[in-house]
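Biologist: Could you take me through one part of this model up close, and then show me how that part sits in the rest of the chain? Keep it relaxed, but stay with what the coordinates give you.

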Amino acid sequence: MRKIYLVPALVGLLTCVAIGPLAAQGAVPKQKAAPAPKAAAAAAPVAAGATSAAAAETPAADDKTKAIDGFRSAKFGMIETDVRAAMAKDFNAKPDTIKAQDNASELTRSILLSVPELLPNGGTAELSYTFGYKSKSLIQVGAVWSKGTDAAMTPEKLFSNANILRAHFMGEGFKPDSIAVNMPVAGGIVMFRGSDAKDRSVILLLQGTFENKENNQRVLTPTSLLLFYVADAKSPDIFKLPPGQF
């Protein structure tokens, strides 16, 4: 079973991803087979399979910003018993299919569930619901697609899943000044990041290995796709040593 170390990584992503719509700086996902959706004309050419932020659809102006309160029936602030009931409602999950995992360094607890076709035709994903150190309530929901969750997963499928989810989130009405797309980070690309009026965030991260191609084009071969719904990525409810102890 993979270890859940998600919350601190999200803090780093919010720090390194600049505010505002951004294009990938010379880094694009590598796609061998599945054709990419057609994009509007961009200012600069990108490799096949990539969509620049300039080409992505700009969210329509809306008086009501998208609210991120959890994932499906599982809402931030719920205790574990209620989240398990939400998982049963959303995915018909039986008690013995939900696995528990404790994080010894963060002193948080997660419950995990494998879900076939969480995204239609997207393969099997693993969902993780993480409960805070002090609150013992839901602070984060994650979904992971990879070879580890589905032996039939391919880079092309991961790239397709990422494109579908990015297009969906771009039209969801997040705060315009919080949105970032196609932003290279260590080990991958933030395909989408957006926040609501309470700074609760959605982060879509395509991880993999980079190769240098012609004209110094850095191309990413995806190995996993991670999707996070986070109640507070800047100050997560995890264990931290009090100041002055060491």
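Modeller: Let's start at the turn between β8 and β9: the two strands make a hairpin with two residues between them, and Gly187 in that turn has a positive phi of about 80°. Bear in mind that this is a predicted model. The strands on either side are β8, residues 180–185, and β9, residues 188–195. They run antiparallel and are paired over five bridges. If you want one pair to click on, take Pro184, whose bridge partner in β9 is Ile189.

Now follow β9 to its other end, where a second hairpin links it to β10. Here five residues lie between the strands, and Asp199 in the turn has a positive phi of about 65°. The pairing is antiparallel again, with seven bridges joining β9 to β10, residues 201–212. Ser195 faces Ser201 of β10 across that pairing. So β9 has β8 as one antiparallel partner and β10 as another.

How many residues of β9 are buried? Eight of the eight, so the strand is largely enclosed by the rest of the structure.

Gly188 is a handy place to look at this in detail, as it belongs to β9. Its relative accessibility is 0%, which is why it counts as buried; the cut-off is under 20%. And what does Gly188 touch, once residues up to four places away in sequence are set aside? The list is Met183, Leu206, Gln207, Gly208, Phe210 and Leu220. Gly208 is worth a second look: it is 20 residues from Gly188 along the chain, yet their C-alpha atoms are separated by 5.5 Å.

For comparison, there is another hairpin earlier in the sequence, built from β4 (residues 99–103) and β5 (residues 108–115). Those two strands are antiparallel as well and share five bridges. Four residues lie between them, and Leu107 takes a positive phi near 60°. A pair to display there is Gln101 with Ser110, its bridge partner in β5.

Zooming out, the chain has three helices and eleven strands, in the order α-β-β-β-α-β-β-β-β-α-β-β-β-β. Of its 246 residues, 49% are buried. Among contacts with a separation of 6 or more, 58% are between residues 24 or more positions apart. The chain exposes about 12,300 Å², with carbon and sulfur atoms supplying 55% of that area.

Then there is the empty space. Rolling a probe the size of a water molecule over the atoms shows where it is left. The largest pocket has a volume of about 330 Å³. It is lined by 20 residues, and the closest to its centre are Phe71, His168, Phe169, Leu227 and Tyr229. Where does the lining come from? At least two residues each are supplied by β2 (70–71), α3 (155–170) and β11 (218–230), and α3 gives the largest share, with four. By class, the lining is made of 13 nonpolar, two polar and five charged residues.

One last link takes us back to where we were: Leu220, one of the residues that Gly188 touches, falls within β11 (218–230), and β11 is among the elements supplying the pocket lining.

Definitions and conventions: Residues are numbered from 1 along each chain as its sequence is written. This is a predicted model: local features need pLDDT of at least 70, side-chain atom pairs count only at pLDDT 80 or more; totals for chains, interfaces and linings use all residues. Side-chain values use heavy atoms; hydrogens and water are left out. Buried means under 20% relative accessible area, exposed over 50%, partly exposed in between (1.4 Å probe, protein chains only). Contact means heavy atoms within 4.5 Å. Accessible areas come from the Shrake-Rupley method with a 1.4 Å probe; for residues, only the protein chains shown count as cover. Two strands pair if DSSP finds at least two bridges between them. On a 1 Å grid over the protein atoms alone, a cavity is a set of points where a 1.4 Å probe fits but cannot get out, and a pocket is an open set with protein on both sides within 12 Å along at least five of seven lines; lining residues have an atom within 4 Å of a point. Grid points are joined across faces, edges and corners, and a volume is the space filled by probe spheres set on the points. Ala, Val, Leu, Ile, Met, Phe, Trp, Tyr, Cys and Pro count as nonpolar, Asp, Glu, Lys and Arg as charged, and the others, Gly among them, as polar.
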